[in-house]
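Reader: Please show me how to read an interface and a few backbone features in a model.

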Amino acid sequence: MTLAHPFSATRRLILQSAGSVALLGLGGLSFGPAPALAAANDKYPEDAFKQKSDADAIKVLYGKTHEASDKVKLDAPEIAENGAVVPISVTTTLTDVISISFFVSENPNALAASYQIPAGTVPSVANRLKMAKTCNVTAIVESGGKLYSAVKEVKVTVGGCGG
Amino acid sequence: MRALLLISVFLITGSAPTLAASEGDFKAAYAAAEIAEKDAGQLRNQWTTTEAALAAAKKAAASGDFDQAVASSKEAEALAKASIFQATSEKERWKDMEIR
Amino acid sequence: MASTIRVRAISNGDTTEVQALIQHPMDSGFVKDAQGQVIPAHFIQQLTFEHGGKTVFVADWGPAVSKDPYVKFAFKGGNKGDEIKIGWVDNKGASDATTAKIQ
Amino acid sequence: MTTRSAIRFALLALAALAFAEPSARAADTPDPVADAKAFQKFFTQKFPKVKLEDFVNGPYSMNEDMHRQWEEKEQFPPYEFALEAGKDMFSKPFKNGKTYADCFPNGGIGIRQNYPYFDEKEGEVVTLELALNRCREANGEAPVSYVKDEMASLTAYMAYTSRGKPMDIKIPNDLRALEAYENGKRYFYTRRGQLNFSCATCHVQSPGERIRAEILAPALGIMNAMPIYRSEWSGMGTTSRRFTTCNSQIRGVPLNPQDEEYRDLEYYLSYVSNGLPISGPGARP
């Protein structure tokens with residue numbers, strides 16, 4: 001840069017650096033993942049996920065027994081199109097529900113997923129789970145300190161012609 | 001003593017009447033299978049099971065088990081020939097299935 | 001890199017329906033790869049949704065949740081234009097977070 | 001080239017026969033228009049309750065329970081990521097500054113329904129996947145694998161831009177095009193593999209029925225949904241991947257992806273599904 005335009009040169013320099021700072025700032029915002037959100041009130045139920053059978057998993061997760069209830073509507077396919085992606089959902093008319101969990105009895109570990117439902121959240125969840133083989137899927141809803149459940153058998157077989 | 005041993009070996013392997021297959025037998029059987037598989041390749045109609053049998057033959061031969069190697073080679077040849085028959089017989093027969 | 005979280009939040013009446021699809025292998029640790037080696041467990045453990053500084057939904061997941069996991073729920077009190085914060089953490093400590101507007 | 005010359009010889013012989021003996025059965029002289037009509041009539045009669053355009057949904061048009069599972073999946077389909085990746089790749093210029101849009105008519109948008117087409121200069125069928133790799137090579141980029149995610153993402157995006165448009169495959173009046181069409185039809189109906197199945201065994205004789213847990217898709221409209229995200233593969237699958245895996249599932253050694261016979265097969269299958277809407281990318285069990 002010739003000396004003749006020191007002013008414009010430095011001005012350009014300032015603008016450039018200002019530009020890059022802004023960019024960086026922006027970058028900071030969008031690139032770096034925001035710090036993980038504060039974990040919810042109680043922590044991840046590590047040992048419940050380790051239990052093998054659904055009975056043990058329910059005992060470890062909730063420490064109470066459950067009773068079947070027609071107020072818990074479990075929706076799962078009769079024959080899963082594929083054991084790797086089984087659409088399962090549950091909805092309930094019960095009130096002040098605080099947690100909903102799904103158990104797949106014949107999976108290596110029965111507890112598949114557990115959801116915490118804070119006040120003001122509708123007690124219904126849809127998700128896609130893996131199922132090792134044909135077995136019972138149990139949905140547990142915790143409401144008013146008691147456990148209500150619904151069970152459905154879902155058939156799962158290996159697809160395709162086989163090699 | 002040696003004769004006794006020899007007889008017992010035969011009895012144990014249970015293959016008393018036929019001599020154990022030699023490497024030569026394997027090579028011949030394998031070559032025949034390979035030729036048949038090449039012909040199937042020409043007709044672009046090879047089977048995966050033929051290739052598996054050929055591989056099994058080679059593996060058995062490598063471990064010195066020439067009986068198994070010959071058996072697998074023969075199986076491979078039979079499979080290759082079957083795939084050739086399939087290709088040739090289908091040359092015209094596919095029309096029977098055609099939607100008209 | 002683009003966020004691994006796709007969120008769709010639609011408000012009708014006083015409830016907001018939220019759907020999320022997350023790009024993650026969700027390896028269970030029980031599967032072997034082509035060479036017969038076990039693929040180590042690598043799955044999202046906790047997924048949290050926040051609205052107006054309040055947690056509206058928390059998912060505690062095990063390895064039995066499908067690859068590229070999907071979840072749908074609804075909550076009351078959200079209205080158009082509000083922002084929802086979503087974040088997940090997996091068993092290897094990796095995490096990602098994003099925000100989405102209620103349509 | 002042995003099969004192509006064999007077919008050409010057969011065609012010439014047939015043509016000669018036709019002149020010599022006009023009563024030769026109509027089916028022998030290839031008549032794609034009649035084929036397509038018969039093909040579509042076969043399926044609409046076999047499944048009177050299924051609307052013509054629904055055939056493109058494969059197994060989901062065959063079974064109510066599966067249809068429901070599909071609708072739920074379609075709310076947030078698993079191919080969403082491939083679609084996004086495809087869109088990015090489509091706009092990211094090559095090293096020489098060009099992009100895929102420069103290789104395709106209308107910038108590659110909304111043209112999937114015209115593929116595959118018969119390239120009269122090259123005298124061969126050009127499928128979308130082949131055209132994409134040729135575009136890459138023409139711009140000094142290495143071709144991508146026909147069975148991996150990059151190709152699937154690109155074709156997913158291009159299919160998405162053509163959603164709803166009717167399949168529109170043309171057969172120019174050129175003996176080689178007719179021959180390629182016939183070669184594809186021959187492949188479709190020929191039994192192969194140790195299980196001795198042809199594509200027709202499953203997709204013509206028994207669509208709607210189960211093979212283990214899976215419902216077989218009807219052949220009509222089967223190409224319209226490509227590429228597909230299969231839960232079985234928990235990933236995207238291009239047409240090439242679908243053809244090669246189908247072959248190995250019936251214990252037939254697959255040909256190389258985009259082999260001439262596969263391209264002819266896609267040409268035939270797409271032609272007889274003319275008029276049905278493009279529904280790619282699709283989600284399948």
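Author: The interface comes first, then the backbone.
This is a predicted model, in which local features need pLDDT of at least 70 and side-chain atom pairs count only at pLDDT 80 or more, while totals for chains, interfaces and linings use all residues. Residues are numbered from 1 along each chain as its sequence is written, chains are lettered from A and ligands numbered from 1 in the order in which they are written, and side-chain values use heavy atoms, with hydrogens and water left out.

Reader: How many residues of chain A are in contact with chain C, and what area do the two chains bury between them?

Author: The size of an interface is often given as the accessible area lost when the parts come together. Here 37 residues of chain A are in contact (heavy atoms within 4.5 Å) with 38 of chain C. The two chains bury about 2700 Å² (accessible area lost, 1.4 Å probe, summed over both), with 56% of it on carbon and sulfur atoms.

Reader: How many salt bridges does the rule find across the interface of chain A and chain C?

Author: Zero (the rule asks for a side-chain nitrogen of Lys or Arg within 4 Å of a carboxyl oxygen of Asp or Glu).

Reader: Which peptide bonds of chain D are cis?

Author: Most residues other than glycine have a negative phi, and most peptide bonds are trans. Cis bonds include the one joining D:Met226 and D:Pro227, with omega about -10°, and the one from D:Gly280 to D:Pro281, with omega near -15°.

Reader: What is the phi of A:Asp96, and is A:Asp96 buried or exposed?

Author: Phi is positive, about 30°, although A:Asp96 is not a glycine. A:Asp96 counts as exposed, at 53% relative accessibility (buried is under 20%, exposed over 50%, partly exposed in between; 1.4 Å probe, protein chains only).
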